[in-house]
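Me: I would be grateful for a close look at one part of the structure shown below, followed by a connected account of its surroundings.

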Amino acid sequence: MKVGFSIPQIGPQAREGARVPEFAAELEHAGADSLWVGDRLIAATDPQVGYAGTDTIPPEFNSILDPFLTLGLAAAATERVRLGTNVLIAPLYPPVVLARALTTLDVASRGRLVPGFGIGWSPEEYAAVGVPFTRRGARLDQTLDALEAIWTTDPAEYVGSLVSVPRHRTELKPAQRPRPPIHLGGFAQTMLERIGRRADGWLPVVPVPGPPAWGTRLVASREVIDQAAERAGRDPSAIETIVRVNVQAGTPLEQIADAVRRTAEQTGFDDYFIDLMYVTDSIDGALASAGRLLELLR
């Protein structure tokens, strides 16, 4: 089983951002397989839509480090671990800006980037960058098309109804060829079918504690992906699954490890990363928790 962890980036842990390289290096040495960042732009004070089906936004989201810079710090301090984004809200970024940042990360890490994208849920984040909240799924598709053009052609250009990229030179390519593997997160039918049609990987979530039958939901969602892939003439087995483990505050480490093992048994998925955002307020606590979880899961 592959086991990774979130980088201290959100909430009280973000105040110790200077220690991100130390955290990344220590976890790589301890045997972690991957390190991950998320993407929150603002935490609205009066949100139209709350987080995870609620009407509020967690206070942890009031403090957040930039995902690109944070992952760059981890890249500079490591040599082996995969470096992932789960997830970047792709429609918030002009494609050329997104392509430049991700190309930089892939080159700097010598091809260890796992770019994961989603469409987000916060209307206020879209308003903050002047992008319409509507049609964000279509904007994601066009952004992915633009990234494909930028990463695989030179000169590159893309003209869409929602995003466009003028014809330009793109000599610097990512280290991974033809491009880094695109992963998408989500459970909505449209997103699952999009993953089957065009993505290289799926980024589902497991809540801990969570419903006992959550593994059944994961398997059913994966079947939607596989069927969409077959309809598109693609090999479903080429689409990997990396499971994010969202842990509630106060959950014992042994319960987290048990949930990961149970999910692996129910689904057959063998690649996980554990989000420690609510587990501890400090980087020392995150390092201790991650080290213990590696012991429990290996």
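Which strands does helix H7 (residues 214-231) lie across, and at what angle does H7 run to S10?

Reply: In this predicted model, helix H7, residues 214-231, lies across strand S10 (201-203) and strand S12, and its direction makes an angle of about 150° with S10. Both of these strands belong to an open sheet of five strands, whose order is S4-S6-S9-S10-S12 and whose pairing is parallel. The edges are formed by strand S4 (88-89) and strand S12 (240-241); each has a single partner strand, so one side of each is left without a neighbour in the sheet. H7 therefore lies across one of these edge strands, S12, as well as across S10.

Further along the order of this sheet, strand S6 (residues 116-118) and strand S9 (residues 183-185) run parallel and are joined by two bridges. Within this pair, Phe 117 stands opposite Leu 184 of S9.

The loops that lead into H7 and S9 each contain a cis peptide bond. Pro 209 sits in the loop between strand S11 (205-208) and H7, and the bond from Val 208 to Pro 209 is cis, with omega near -5°. Pro 178 sits in the loop between strand S8 (164-168) and S9, where the bond from Arg 177 to Pro 178 is likewise cis, with omega near 5°. Such bonds merit notice because most peptide bonds are trans.

Strand S11 leads to the other open sheet. This one has seven strands in the order S5-S3-S2-S1-S14-S13-S11, again with parallel pairing. Its edge strands are S5 and S11, each of which pairs on one side only. Inside the sheet, strand S1 (residues 2-6) pairs with S2 in the parallel sense through three bridges, and Phe 5 stands opposite Leu 35 in S2.

Strand S13 (residues 243-247) contains Val 243. Val 243 has 0% relative accessibility and therefore counts as buried, the cut-off being under 20%. Leaving aside residues up to four places away in sequence, Val 243 touches Pro 204, Val 206, Phe 269, Asp 271, Tyr 272 and Phe 273. Of these contacts, the one with Pro 204 links positions 39 residues apart in sequence, with a C-alpha to C-alpha separation of 5.2 Å.

A helix also lies across this second sheet: helix H8 (residues 253-267) lies across S11, S13 and strand S14 (271-275), and runs at about 150° to S14. Arg 261 is part of H8. Because its relative accessibility is 31%, Arg 261 counts as partly exposed. Apart from residues up to four places away in sequence, Arg 261 touches Leu 296 and Leu 297. Its C-alpha atom is separated by 26 Å from that of Gln 9, which is 252 residues apart from Arg 261 along the chain.

Strand S8, which precedes the loop holding Pro 178, is also half of a hairpin, joined to S7 through four residues. S7 and S8 run antiparallel and are connected by three bridges, and the bridge partner of Tyr 158 in S8 is Val 165. The side chains of strand S7 (residues 156-159) alternate: Ala 156 and Tyr 158 point to one face and are buried, whereas Glu 157 and Val 159 point to the other and are not. This alternation is what a regular strand shows with respect to the two faces of a sheet.

Two loop residues have a positive phi. Arg 110, in the loop between helix H3 (95-108) and strand S5 (113-114), has a phi of about 60° although it is not a glycine. Its relative accessibility is 74%, so Arg 110 counts as exposed. Arg 135, in the loop between helix H4 (123-128) and helix H5 (136-152), also has a positive phi of about 60° without being a glycine. With a relative accessible area of 52%, Arg 135 is exposed. Most residues other than glycine have a negative phi, which is why such values are noted.

Finally, the surface carries a nonpolar patch of about 210 Å², made by Leu 41, Ile 42 and Val 129. Ile 42 is placed in the loop between strand S2 (34-37) and helix H2 (67-77). Since its relative accessibility is 34%, Ile 42 counts as partly exposed.

Note on methods. Residues are numbered from 1 along each chain as its sequence is written. This is a predicted model: local features need pLDDT of at least 70, side-chain atom pairs count only at pLDDT 80 or more; totals for chains, interfaces and linings use all residues. Side-chain values use heavy atoms; hydrogens and water are left out. Two strands pair if DSSP finds at least two bridges between them. Contact means heavy atoms within 4.5 Å. Axes are lines fitted to C-alpha atoms, for helices over the stretch in contact, and angles run from 0 to 180 degrees between N-to-C directions. Patches are made of residues with over 30% relative accessible area and no salt bridge: like charges are joined within 9 Å, nonpolar side chains (Val, Leu, Ile, Met, Phe, Trp, Tyr) within 5 Å. Accessible areas come from the Shrake-Rupley method with a 1.4 Å probe; for residues, only the protein chains shown count as cover. A salt bridge is a side-chain nitrogen of Lys or Arg within 4 Å of a carboxyl oxygen of Asp or Glu. Buried means under 20% relative accessible area, exposed over 50%, partly exposed in between (1.4 Å probe, protein chains only).
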